[in-house]
Amino acid sequence: VLSLFTYKTLPYHPINDFTPITAIADTILGISASASFGPNSLREALEFAKKNPGKVSYGHTGVGGTTHLAMEQINQLAGTDMQHIPFKGGGPITISMVGGQLQLGVLPLAPVMQQAKAGKVRHLAIMDAKRSKAFPDVPSIAELGYPDAQSQSWFGVVVHAKTPREITKRLSDEIEKVARAPDMAERLERAGAEAAPM
């Protein structure tokens with residue numbers, strides 16, 4: 001959907017050229033910090049960034065994507081001048097935070113889960129209106145005073161708009177069975193996502 005607003009031309013229409021089959025899961029997005037970065041909370045990080053304009057950098061998973069736009073919204077709302085650094089995925093962001101080259105990262109929490117458990121990265125906020133079941137001790141961005149900076153990402157299945165109805169119906173039924181299987185919610189939670197079949 002963001003493609004409509006971030007690209008002048010596309011070889012397809014992100015809505016009209018596809019038929020949605022089902023949503024599967026919501027990805028938990030968050031703001032994390034390197035253990036070597038002094039501030040221990042998002043409030044402290046933003047206060048530090050205000051006092052040190054241009055000296056705090058954050059990594060995100062792509063220019064114009066949900067993580068980049070959400071953090072730029074926080075920049076505007078908090079009156080900070082944090083510098084954005086685009087990365088090709090959560091893995092490289094995590095490596096840079098663990099190594100201390102990057103202070104903050106805005107990304108799905110799955111790539112940083114193990115490093116957070118090891119104390120090498122700290123979760124500062126969940127980019128949602130509510131806390132995550134997987135990270136109940138991490139405050140939501142809304143409760144920290146930035147409800148307009150919520151950012152969700154989800155996984156789903158779409159097919160070409162001209163796919164015959166009987167095929168889309170069968171795909172929808174079969175995928176939904178898997179998505180609603182009792183162990184699926186647990187498996188998704190371990191991967192930093194929440195089941196959301198629709």
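Reader: Is R187 buried, partly exposed or exposed in this model?

Author: In this predicted model, R187 has a relative accessibility of 46%. Exposed requires over 50% and buried under 20%. R187 therefore counts as partly exposed.

Reader: Which residue meets the side chain of R187 in a salt bridge, N to O?

Author: The partner lies with R187 in helix 7 (residues 182-190), four residues apart, about one turn of the helix. Its relative accessible area is 40%, so it is partly exposed. The N to O distance of the salt bridge is 4.0 Å, and the partner of R187 is D183.

Reader: What is the distance between the closest N and O atoms of R180 and E176?

Author: R180 is exposed, with a relative accessible area of 52%, whereas E176 is partly exposed at 24%. The two residues form a salt bridge. Their closest N and O atoms are apart by 2.8 Å.

Reader: Which residue forms a salt bridge with K177?

Author: K177 is exposed, with a relative accessible area of 56%. Its partner is partly exposed at 37% relative accessibility, and both lie in helix 6, three residues apart, about one turn of the helix. The N to O distance is 3.4 Å, and the partner of K177 is E174.

Reader: Is T168 buried or exposed?

Author: T168 has its place in helix 6 (residues 165-179). Not counting residues up to four places away in sequence, T168 touches T19, I21, V159 and T163. Its relative accessible area is 6%, and the cut-off for buried is under 20%. T168 is therefore buried.

Methods:
Residues are numbered from 1 along each chain as its sequence is written. This is a predicted model: local features need pLDDT of at least 70, side-chain atom pairs count only at pLDDT 80 or more; totals for chains, interfaces and linings use all residues. Side-chain values use heavy atoms; hydrogens and water are left out. Helices (H or I, at least four residues) and strands (E, at least two) are DSSP runs, numbered from the N terminus. Buried means under 20% relative accessible area, exposed over 50%, partly exposed in between (1.4 Å probe, protein chains only). Contact means heavy atoms within 4.5 Å.
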